[in-house]
Amino acid sequence: MISATQDAANGAASAPKPSGDNVDALHALILHQLDEDQAQETISIPLAGKSSIADHMVIASGRSTRHVSAIAEKLAQRIKQEAGRQVRVEGLPNADWVLLDAGDVIVHLFRPEVRSFYNLERMWSFGDAPPVAAAN
């Protein structure tokens, strides 16, 4: 894994580093890492004032179970490295739906079919899940 210092030396854009309990920096770090790992249909739902479980819920999809698993493992490692937080991870063995609990930010990673079935966006009144292409 390349450190932020190495990224800067190579001219690459590095993610913001969270300091302490800075929720916005943690949220930005997560969104940046999901983008770097080519997560699809990433949305962020603000939960502050709606729920006491977290300030943000991020939902994204991977192309396959392998992609979902790789995104989850790298994201958990990056949060620990950059923010100094332990991340609780659930669902990694099957990787159809992986939940990462980083305290103030909760991340749901899905395979597209599973995301469409559970439709968390609708549950939180954020709209419909992205459509899933029909299998041929």
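Biologist: Which residue pairs with Glu113 in a salt bridge, N to O at 2.7 Å?

Modeller: Side chains of opposite charge can pair when their charged atoms come close. A salt bridge here is a side-chain nitrogen of Lys or Arg within 4 Å of a carboxyl oxygen of Asp or Glu. At 2.7 Å, N to O, the partner of Glu113 is Arg111.

Biologist: Before we go on, what kind of model is this?

Modeller: Residues are numbered from 1 along each chain as its sequence is written, and side-chain values use heavy atoms, leaving out hydrogens and water. Local features need pLDDT of at least 70, side-chain atom pairs count only at pLDDT 80 or more, totals for chains, interfaces and linings use all residues, and the model is predicted.

Biologist: Okay, which residue joins Arg111 and Glu113 in one network?

Modeller: Salt bridges that share partners build this network. Besides Arg111 and Glu113, its member is Asp96.

Biologist: Is Asp37, which meets Lys74 in a salt bridge, buried or exposed?

Modeller: Buried means under 20% relative accessible area, exposed over 50%, and partly exposed in between (1.4 Å probe, protein chains only). Lys74 has 33%, so Lys74 is partly exposed. Asp37 has 14%, so Asp37 is buried.

Biologist: How far apart in sequence are the parts that Arg85 and Asp104 tie together?

Modeller: Their side chains meet in a salt bridge at 3.2 Å, N to O. Arg85 lies in the loop between α3 and β3, and Asp104 in the loop between β4 and β5, so the parts tied together are apart in sequence by 19 residues. (Helices, H or I, have at least four residues and strands, E, at least two, as DSSP runs numbered from the N terminus.)

Biologist: How many salt bridges does a search of the whole structure find?

Modeller: Glu113 with Arg111 is one pair, and Arg85 with Asp104 is another. Over the whole structure, the search finds seven.
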